[in-house]
Amino acid sequence: MLGFLRTRRGNWPLLLVFFMFASLCVGAPTDSVRDADQAQSGYLDNHNMDPAIVQGPTFGRVFPLSGEQFPPAAGSKQVVFAASETNWVYVMDAVTGAILRSKQVATPFLVSDIGCNDISSFIGITGTPIIDPATDTVYFYAKSYPGADRGVYNGAYWIHALDINNLNERSGFPKKVDGSVADNDPTRYFHGGTHLQRTALSMINNIVYAGFGGHCDKYNFTGWVLGVDKTTADIRAVFATESGAFAPPQDGTFVGGGGGAGIWMSGMSLSSDSPSRLFFVTGNGEGHQNKEIPASGRTPLGTLDEAIVNIKIDPATGKLSLQDYFEPYEYISMDAGDRDLGSGGIALLDPNTFSGTNAARLGVTVGKNGKGYVVNLDNLGGFKMGPAGSDAVVQTLQVPGGASIFGGSGSYPLEGGYIYMTPVGYPTLVYKFGKDANGRAAFTQVAQTDESSAGRVGVGVPTITTFKGQAGTAILWIADVDGGLRAYRAVPENGKMIRIQLPPTPSVTKFQRPSFGDGRLYLSTSNGYIQCLGSPVALPLNCTSPISFGDLTIGSKRVLQVNCTALIAITKIDGITLSNPLFTASNSSLPTGALAKGQSFSFPITFDLTNATIIDIPGTSIPSVKPGITSGALNIMTTNGVDKFATLQPIVVSGNLVSSLPFLAISPGEADFGGIVIGSAAAETGVPGSMVVQNVGSTDMRITGYAWALDGFEDGDPQWTNVTENSATNRTVGPSFYAIDLPAVDSIVGPGQSITINLNFKPYAVGNYHSLFQIWSDGGAQYILLTGAATIEPKAVLEVSTAEGGWTTGDFIDFGPQLAGVSLVRRIRLRNTGGSALTITKSKPPEGAELTATNPTGELSEGLKIPPEGSAIGNSINGTWTLNTDDLTFGVHNVLVQGVILSRQLGPLLPDGTSRYKYLGCYKDAVAGRLLDKNNNLGVNNENGICQQTCLGQGYIFAGTDMSQYHQECWCGNRVPNKIYFYEESANKCTWTCNADQSQACGGDGASSTSSTSTTSSTSTSAQPTYTGPPRYITQYNNYTLRGCWTEATQGRALKSKSLSIANMTVDRCWGMCNQYQFFGLEYSKECYCGDVLQPGSQNSTSGALCNLKCGGNSTIYCGGSARLNLYQFNATLQNSSSVLVGFNLPLAP
């Protein structure tokens, strides 16, 4: 039961990204007007996600509907707003999925212009928009071009504000934000071409704020926060994360300077818990102002890389300024290993639940370094301000296996409080909130899902919903790029996460969380669909729901009434079912006969604990229970007198079981510390962990003893060893396992209270470790299993395949010259020769038409773990594959994979196997005499290769085949073909086949009675001495003359028809691409431009920068300068020859 909706732009690339918002123009309480909540806590209680319905048979496909059309709810229409990377936006009916309005706001930016394949094909609207319900206005950023020119340097960002009712722009919008100067550093300005607006948008004090990062750490990837007035479109705030003297200067080349510290956070928004501040998290950078010197978070810092940042908002102006930060003690190492902190945003937790004596307000962030940081939002921690230069945070959560986390964490503030996070390739981890013996806030892992996430990046942020804010109704939602949407009961039951089965939801997009409407949820797919799940039918009754019994002591019972009103005519109430045996109701209490619309009835339901016991009694059917919240579903079945309404009415029932005696509960059942590398920085302090000791009874509980054992209970009671005291706060609870601040024997734990005990695993030798740590009390005895492993560090070895099928170390693969149409594969292998798992922290495979990885998302993916003595392989056809790992001695590797794609080689060949003649194009012939002078009638043997061989033998430079005489003519000459007779390939003038080879084209029929000629030119092969003198200028190249050193145009490029940028650029390469144009020019050593017209403002440069940059492919020749062109112009009187001028000052053309 899966609902799909495909946009009507189905002929466009399918890799679209959609963001859904359910918006009622009157501002309904079930609206989602932004990404989750402003605090990014991930907890949503306002969308009527009833677990009784979600787990029931009516929850499934909503649209497109098949067959029956179910009646929508009365009142205003709720809509879904969707935006795509193609810059198309859509407004759809939230119930039927019908597209109500659509519009393309701008031409999308081409991914090929940036050279980063994190997003496919197009870059348009990436960051999740935000809706202002007061004005029905949706705000978003779109990436595009200001004119016809393409390329990364011409990319720009605009902020749009559309009336959601008609998709018209609000006054003053769209507003281009490029060129905005940083408020905190006037030497820095924003350039949208090199940046990506990835974060979801926020609105604070009527200012729309958005974060920007880079593309694959290319170009200048400084982080930015921009704030735009929602009404006037004025740019109110421009904040750069790299500023001041310690940050690399922004040098204007787009590649250099800036310093990094991008803000992307896997799409989460900037977080805020008040109108006066906001928070964000940054990625890797270069400035490193702090070096290794401890610093308070209150002192100024210009290089905010790898940091949680607290920004002050000026309420009058909207401008931003730094007021606090946290930077991990190992941030420089994190930079080196691409273990970015900024892969996730920061969740600001509900202070009514999550607080302690050490922090009144808590936040949680996660990153690629395998850690979760719990911080004090009012004092983030600065740099190395903890004991012995460690992190001054509330708690560091060590992820098992050190796996990377993208997308952040979610929280649930009821039932004691929980947080959730999903590492790459691991189960979703569940942490329970608690306090230690001194009242300090602490989290303990108490459960994890049975299912693991995708072994590649893209799993969404955990999101938690409740039905009308009621405890016992919480659902945890996780969108997995491989497994689709998964749902669980948010609170573990006996240490297990109970999965709620959902219809399949394939191909969900990266870093997505569901968007919720009124009892429905929406997801986007990577192939251009929107999936909607919900309850597609109208309910026949309006009943009390949820039904909460509150606290009930075990051994007693309570009765409540269920009140219902018929919404339609009902023929019969068929009966009721209950999913939890602790709740009972009788069919005999239901009304008999038909019910008229509007008729009400009631019946009793009982929460019965009279026969329950908290102790298992063998051989009896008495239910064994534990104190805590329990819930279930009450289903009323009906026979309706009206079609198209549900025949099952679900109701949520819940209650809290209370013990009249003390009752000891320990969570989790097992604390797995994962692996630790002997000799690493982490090994010096050990791996932290924790456990929760709780009294879930209603009277005081006294702790009576502690002990640990190595053997289990299989052969009776194990041999216990008393806990030993190492210091006033540290006690041994097993080999290499330690408990911190363990409550003293005879300590009292009050009713409902819990104590978090901090644990530590600190081994000194390689091996596997375990211990059973048990606590005795007058409320029972419970134990926890402690496990961990110690290994040696991982070691990365990079290898590339050879042409012979073997492997060699290195980072270069050369395919050599290959004919077009041939597909060859070379492989990259990353081996782990160390003793612990190796994590790939960065992987940017090549993708393109000819230069591509065969499986860019499935091979050598970021987050992939390679076990000791294991390896992972990536298959690449061509391109550059960028890799890094958590082996800090490895560093960033750019595996260059290159080859030369050759067309079919005809005629005389050069020593390297390529054709001596180069194809020039199709020309009109016999207009004012023949284009070439010498005619050779080759008869039935005529084809291009034989014609070229014939002309070469006769000493001619040019050769052409002409079909005017029975497909037999081969023409030769030394005059340069006049470009005014050139046909574009799209004209299809030279398409007739050759006599001797039907696969070749040998000219064609002219536009009138004239003929067309396929023309080629010869390339000299005479040996030339190696030049060893100073760099020089080519003053004449074939039939082009050097005009001098020219500036770019006043607006844009001087030459606009065609361009190419390659590292090994030469004058010959540029001429080869541009010899059909009036002009060609070279710039920046590697760039080539063609055109027939010089654009206004381009002029001969008589001062300033010179054209003195050496060609990337020939260091003895100059190829332009910085924003200066070596400009060549076609000269029809010249033969194809070349001359050079040795010197450093380029002569100016008249």
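# Strands, cores and backbone in a predicted model

Trainee: In this predicted model, which residue of strand 48 is the bridge partner of T553?

Mentor: The two strands concerned are strand 42, residues 547-553, and strand 48, residues 648-658. They pair in the parallel sense over 5 bridges. Within strand 48, the bridge partner of T553 is V658.

Trainee: Which strands stand at the edges of the sheet that holds strand 42?

Mentor: The sheet is open, has 4 strands with mixed pairing, and runs in the order 42-48-47-44. An edge strand has a single partner strand, so one side of it is left without a neighbour in the sheet. Neighbouring strands here are turned by 20° against each other on average, direction ignored. The strands at the edges are strand 42 and strand 44 (570-578).

Trainee: Which residues touch the most other members of the largest nonpolar core?

Mentor: In soluble globular proteins, nonpolar side chains tend to be buried together. The largest nonpolar core here has 38 residues. Strand 18 (207-214), strand 22 (277-281), strand 24 (320-327) and helix 2 (331-336) are among the elements that each supply at least two residues of this core. The members that touch the most others are Y209, L278, F280 and L320.

Trainee: What is L278 in contact with, leaving aside its neighbours within four places in sequence?

Mentor: L278 is one of the core members that touch the most others, and its contacts include two more of that group, Y209 and L320. The full set of such contacts for L278 is I204, Y209, L270, S271, S272, V309, N310, I311, I313 and L320.

Trainee: How many residues are in the other core that lies apart from this one?

Mentor: F109, V111, C116 and V228 are among the members of that other core. Its number of residues is 31.

Trainee: What angle does helix 5 show for the arc covered by its buried residues?

Mentor: An α-helix has 3.6 residues a turn, so residues three or four places apart point the same way. In helix 5 (residues 1067-1074), the buried residues are V1067, C1070, W1071, M1073 and C1074. They lie on the same side of helix 5, because the arc they cover around the axis is only 165°.

Trainee: Which peptide bonds are cis, one ending at P546 and one ending at P668?

Mentor: Most residues other than glycine have a negative phi, and most peptide bonds are trans. P546 is in the loop between strand 41 (541-543) and strand 42, while P668 is in the loop between strand 49 (664-667) and strand 50 (670-677). Omega is near 0° in the bond from S545 to P546 and in the bond from S667 to P668.

Trainee: Where does N48 lie, and what is its phi?

Mentor: N48 is in the loop between strand 3 (43-44) and helix 1 (51-54). N48 counts as partly exposed because its relative accessibility is 30%. Its phi is positive although N48 is not a glycine, with a value near 55°.

Trainee: Is N205 buried or partly exposed?

Mentor: N205 lies in the loop between strand 17 (202-204) and strand 18, and has a positive phi of about 55°. Its relative accessible area is 34%, so N205 is partly exposed.

Trainee: How far apart in space are E793 and G679, C-alpha to C-alpha?

Mentor: E793 is in the loop between strand 60 (780-791) and strand 61 (796-801), and counts as exposed at 51% relative accessibility. Leaving aside neighbours within four places in sequence, E793 is in contact with V677, G834, G835 and S836. E793 and G679 are 114 residues apart in sequence, and their C-alpha separation in space is 8.2 Å.

Methods: Residues are numbered from 1 along each chain as its sequence is written. This is a predicted model: local features need pLDDT of at least 70, side-chain atom pairs count only at pLDDT 80 or more; totals for chains, interfaces and linings use all residues. Side-chain values use heavy atoms; hydrogens and water are left out. Buried means under 20% relative accessible area, exposed over 50%, partly exposed in between (1.4 Å probe, protein chains only). The arc is that of the directions from the helix axis to the C-beta atoms. A nonpolar core is a set of buried Ala, Val, Leu, Ile, Met, Phe, Trp, Tyr and Cys residues joined through side-chain atoms within 4.5 Å. Contact means heavy atoms within 4.5 Å. Two strands pair if DSSP finds at least two bridges between them. Axes are lines fitted to C-alpha atoms, for helices over the stretch in contact, and angles run from 0 to 180 degrees between N-to-C directions.
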